[in-house]
Amino acid sequence: MQSGKQKTLFSFFNKTPKVQSPKPARPAPPSSVPVEASTTPKSVPPPHNHRFPPGTLVWSKLTGYPWWPSMVCNHPTDGKSARKGEIHVQFFDTPVTRAWVGDTMVKQ
């Protein structure tokens, strides 16, 4: 038998972590872009299809498969849900699959 006070797992760790002093913030380098140019909004095309924005529940069809429930979502590396003539969808199946589907093969 063990005599004396039994140690717990928590007794091996410090109760309060050491706090490091915050580093002073560096001043931002001067910008070479004129102020007027940096404040004007740029015309950037939206990264998704206006008809099917990300999160829209749709029916999609791939060649050789029946119409299947799916959701429009952004591509994991491109960050876009649409490209020329195609929409990126995630199918509700097991295991979950994704595909670029022709926009004519997607309906609500």
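These exercises walk through one predicted protein model, each with a worked solution.

**Ground rules.** Residues are numbered from 1 along each chain as its sequence is written, and side-chain values use heavy atoms, without hydrogens and water. In this predicted model, local features need pLDDT of at least 70 and side-chain atom pairs count only at pLDDT 80 or more, while totals for chains, interfaces and linings use all residues.

**Exercise 1. Find the order of helices and strands along the chain.**

Solution.
- Start with the definition: helices (H or I, at least four residues) and strands (E, at least two) are DSSP runs, numbered from the N terminus.
- Next, count them: the chain has 1 helix and 6 strands.
- Then read along the sequence: the pattern is α-β-β-β-β-β-β.

**Exercise 2. State what share of the chain is buried, and describe its accessible surface.**

Solution.
- Set the cut-offs: buried means under 20% relative accessible area, exposed over 50%, and partly exposed in between (1.4 Å probe, protein chains only).
- Apply them: 17% of the 108 residues count as buried.
- Turn to the surface: the chain exposes about 9,600 Å², and carbon and sulfur atoms supply 60% of that area.
- Areas come from the Shrake-Rupley method with a 1.4 Å probe; for residues, only the protein chains shown count as cover.

**Exercise 3. List the residues of the largest nonpolar core, and say which strand gives the most to it.**

Solution.
- Know the term: a nonpolar core is a set of buried Ala, Val, Leu, Ile, Met, Phe, Trp, Tyr and Cys residues joined through side-chain atoms within 4.5 Å.
- List the 9 members: Phe52, Val58, Val72, Ile87, Val89, Phe91, Ala99, Val101 and Val106.
- Look at the strands: E4 (86-91) and E5 (97-102) each supply at least two residues of this core.
- Pick the top one: E4 gives the most, with 3 residues.
- Zoom in on one member. Contact means heavy atoms within 4.5 Å. Beyond four places in sequence, the contacts of Val89 include Val58, Ser70, Val72, Ala99 and Val101.

**Exercise 4. Decide whether Ser60 and Ser70 are buried or exposed, and find what joins their side chains.**

Solution.
- Place Ser60: this residue sits in strand E1 (residues 57-60).
- Place Ser70: strand E2 holds this one.
- Check Ser60: its relative accessibility is 0%, so Ser60 is buried.
- Check Ser70: its relative accessible area is 1%, so Ser70 is buried.
- Join them: the two side chains make a polar contact of 2.7 Å.
- A polar contact is a pair of N or O atoms within 3.5 Å; within protein, one must be able to donate a hydrogen and the other to accept it, and residues adjacent in sequence count only if both atoms are side-chain atoms.
- Look around: not counting residues up to four places away, Ser60 also touches others, including Trp67, Trp68 and Val106.

**Exercise 5. Locate the salt bridge and classify both partners by exposure.**

Solution.
- Use the definition: a salt bridge is a side-chain nitrogen of Lys or Arg within 4 Å of a carboxyl oxygen of Asp or Glu.
- Count: the structure holds 1 salt bridge.
- Name the pair: the side chains of Glu86 and Arg83 meet at 2.6 Å, N to O.
- Recall the principle: side chains of opposite charge can pair when their charged atoms come close.
- Classify Glu86: at 24% relative accessible area, it is partly exposed.
- Classify Arg83: its value is 39%, so Arg83 is partly exposed.

**Exercise 6. Find the cis peptide bond and describe Thr97.**

Solution.
- Remember the norm: most peptide bonds are trans.
- Spot the cis one: the bond from Thr94 to Pro95 is cis, with omega near -5°.
- Place Pro95: the loop between E4 and E5 contains this residue.
- Move on to Thr97: strand E5 holds this residue.
- Classify Thr97: its relative accessible area is 32%, so Thr97 is partly exposed.
- Add its partner: a polar contact of 3.2 Å joins the side chains of Thr97 and Asp93.

**Exercise 7. Show which part of the chain Gln108 touches.**

Solution.
- Place Gln108: this residue is in the segment after strand E6 (106-107).
- Classify Gln108: at 65% relative accessible area, it is exposed.
- Compare positions: Gln108 and Leu57 are 51 residues apart in sequence and 6.8 Å apart in space, C-alpha to C-alpha.
- List the contacts beyond four places: Phe52, Thr56, Leu57, Val58 and Trp59.
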